[in-house]
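Biologist: Could you walk me through this model? I would like to go through the strands, the helices and the aromatic residues in turn.

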Amino acid sequence: MSGAAGAMRSVAVIGGGPAGLMAAEVLAQGGMQVDLYDAMPSVGRKFLLAGKGGMNITHAEAMPAFVTRYRGRQKQIAPLLAGFTPDILRTWIAGLGIDTFVGSSNRVFPTDMKAAPLLRNWLHRLRESGVRFHMRHRWTGWDEQKGGNMLRFATPAGQTSVQHDAVVLALGGGSWPRLGSDGAWTGLLQQRGVDIAPLQPANCGFEVPWSEYFRARCTGQAVKSIAVTCTDPHGAVIHKQGEFVVSDYGVEGSLIYALSAPLRDAIAESGSARIMLDLMPDWSVQRVLAEVARPRGARSLSSHLQSRLSLTGVKAGLLRELAMPAEFKEASRLAERIKALPLTLTAPRPLEEAISSAGGVRFEALDAGLMLHALPGVFCAGEMLDWEAPTGGYLLTACFAAGRAAGLGALEWLSKTPQPPQETSQGTSP
């Protein structure tokens with residue numbers, strides 16, 4: 001809703017995740033009247049879900065390495081992070097009365113490992129700063145019957161249209177739509193000429209055509225102390241060590257998520273992706289061969305591998321599932337296969353199951369302040385932008401940083417934009 005000359009300028013923030021809340025904070029601190037709209041009954045739902053297993057808020061990795069986690073968009077993400085580094089984020093969290101610590105993997109967590117206290121303290125501060133929250137307001141675009149500049153929302157009381165001096169869109173990607181980020185905004189922006197990369201699953205599991213025998217015995221089991229090697233579509237070899245989980249549909253878990261982007265891209269290009277599993281990553285192939293080649297007497301091969309290599313459980317199951325029968329008959333071939341066991345992935349899991357999404361508003365459609373070229377006064381932030389990152393605090397850090405940048409961009413644009421005469425909005429004005 002536009003105010004009269006000299007009145008407080010108003011900004012709509014649409015989306016109540018970390019990016020939207022951060023934009024709202026920056027705008028309120030800048031003297032704006034901020035109205036935050038969200039389709040859900042409460043804000044921060046995906047944020048709270050991410051914190052259920054321990055709120056990984058950011059990462060203590062050095063910035064030169066930190067920025068590389070954003071793959072092809074590190075050039076665009078780097079300036080956002082420069083204004084809101086992981087260290088600045090930790091200081092900001094401390095300002096909310098929440099202490100943090102660096103875990104053994106360099107991941108940063110709140111001391112109590114919970115997201116709820118942080119969100120609760122943050123919302124209290126936002127309300128005290130004057131931010132007004134409008135829940136169950138689903139943005140449905142612009143009201144073309146009223147000139148096309150008014151925002152239109154579907155609410156429990158019916159349709160309503162409001163007008164603001166600027167808008168920050170922080171609508172999330174397309175993962176976990178039941179928590180609010182359903183990607184429905186893509187069509188609304190494309191109708192207005194905004195260039196959008198298709199949304200794709202990121203940090204996701206992958207499908208594998210397991211045999212029924214293996215699926216029945218190994219589903220749900222964690223494969224620990226294992227290394228994975230793959231080649232991305234550009235020919236670069238990627239090697240990572242960690243753990244993953246066998247699921248009924250294929251594979252999932254932290255090690256798989258860390259490789260999901262190149263694996264997804266490889267499948268899109270050639271229809272499948274192959275990874276090599278190293279079942280004994282701390283052993284050389286020569287050491288594995290020396291143990292495999294020892295006489296086993298009357299013991300079965302399974303007992304021999306268990307005795308000499310401690311190769312049991314799901315790892316032994318993977319070897320039986322994926323190695324060729326002839327490879328068990330020759331020690332050198334079996335040793336090589338234990339160190340390089342091929343696994344073919346046929347498809348990423350659906351977007352709605354993914355932890356996060358790739359794709360979204362292309363940075364080329366935005367100026368340096370994250371304002372859309374096609375829609376002056378409309379800014380975008382968070383996961384709805386065309387970037388992706390692995391888990392480990394990288395996703396949240398960039399969402400916070402982008403929300404801050406969009407808020408600052410809106411403040412700068414408003415400072416240079418003449419204030420229009422007062423107009424009366426139709427429907428329920430915030």
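Modeller: Happy to, and please keep in mind that this is a predicted model. Let us begin with a short pairing: strand 12 (residues 206-207) and strand 15 (residues 250-252) run antiparallel and share 2 bridges.

Biologist: Which residue in strand 15 stands opposite Glu 207?
Modeller: Glu 207 belongs to strand 12, which covers residues 206-207. Its partner across the antiparallel pairing with strand 15 is Gly 250.

Biologist: Which are the edge strands of the open sheet?
Modeller: The sheet has 7 strands in the order 17-16-13-14-15-12-18, with antiparallel pairing. An edge strand pairs on one side only, and that holds for strand 17 (341-345) and strand 18 (347-348).

Biologist: Along strand 17, which side chains point to one face and are buried?
Modeller: In a regular strand, side chains alternate between the two faces of the sheet. Strand 17 shows this alternation, with Pro 342 and Thr 344 pointing to one face and not buried. Pro 342 also has a partner in the antiparallel strand 16, Met 276, which stands opposite. The side chains that point to the other face and are buried are Leu 341, Leu 343 and Leu 345.

Biologist: At about what angle does helix 13 run to strand 13?
Modeller: Helix 13 (residues 313-322) lies across strand 13 (222-231), strand 14 (237-246), strand 16 (273-278) and strand 17. Its angle to strand 13 is about 40°.

Biologist: Why do the buried residues of helix 5 line one face of the helix, and what arc do they fall within?
Modeller: The buried residues of helix 5 (residues 86-94) are Pro 86, Leu 89, Trp 92 and Ile 93. On the other side, Asp 87 and Thr 91 are exposed. The buried residues pack against several elements, including helix 1 (18-29) and helix 15 (394-416). They line one face because, seen down the helix axis, they fall within an arc of 115°.

Biologist: And helix 11: which helices do its buried residues pack against?
Modeller: Helix 11 (residues 285-292) has Val 288, Glu 291 and Val 292 as its buried residues. Their arc around the axis is only 100°, which puts them on the same side of helix 11. The partners they pack against are helix 12 (301-309) and helix 14 (331-339).

Biologist: Is Ala 170 buried or exposed?
Modeller: Ala 170 lies in the loop between strand 10 (166-169) and helix 7 (185-190). Setting aside neighbours within four places in sequence, its contacts include Ile 14, Ala 19 and Met 384. Ala 19 is 151 residues away along the chain, yet the two C-alpha atoms are separated by 6.0 Å. With a relative accessible area of 10%, below the 20% cut-off, Ala 170 is buried.

Biologist: On to the rings: is the pair of Trp 139 and Trp 142 edge-to-face or stacked?
Modeller: An aromatic pair is described by the distance of the ring centres and the angle of the planes. For Trp 139 and Trp 142 the centres are 5.0 Å apart and the planes are at 85°. Planes over 60 degrees apart count as edge-to-face, so the pair of Trp 139 and Trp 142 is edge-to-face.

Biologist: What lies over the face of Trp 142?
Modeller: Trp 142 is buried, as is Trp 139. The residue over the face of Trp 142, at 4.4 Å from the ring centre, is Arg 192.

Key. Residues are numbered from 1 along each chain as its sequence is written. This is a predicted model: local features need pLDDT of at least 70, side-chain atom pairs count only at pLDDT 80 or more; totals for chains, interfaces and linings use all residues. Side-chain values use heavy atoms; hydrogens and water are left out. Two strands pair if DSSP finds at least two bridges between them. Helices (H or I, at least four residues) and strands (E, at least two) are DSSP runs, numbered from the N terminus. Contact means heavy atoms within 4.5 Å. Axes are lines fitted to C-alpha atoms, for helices over the stretch in contact, and angles run from 0 to 180 degrees between N-to-C directions. Buried means under 20% relative accessible area, exposed over 50%, partly exposed in between (1.4 Å probe, protein chains only). The arc is that of the directions from the helix axis to the C-beta atoms. Rings of Phe, Tyr and Trp (its six-membered ring) pair if their centres lie within 6.5 Å; planes under 30 degrees apart count as stacked, over 60 as edge-to-face and the rest as tilted. A charge sits over a ring if NZ of Lys or CZ of Arg is within 6 Å of the ring centre and within 35 degrees of the ring normal.
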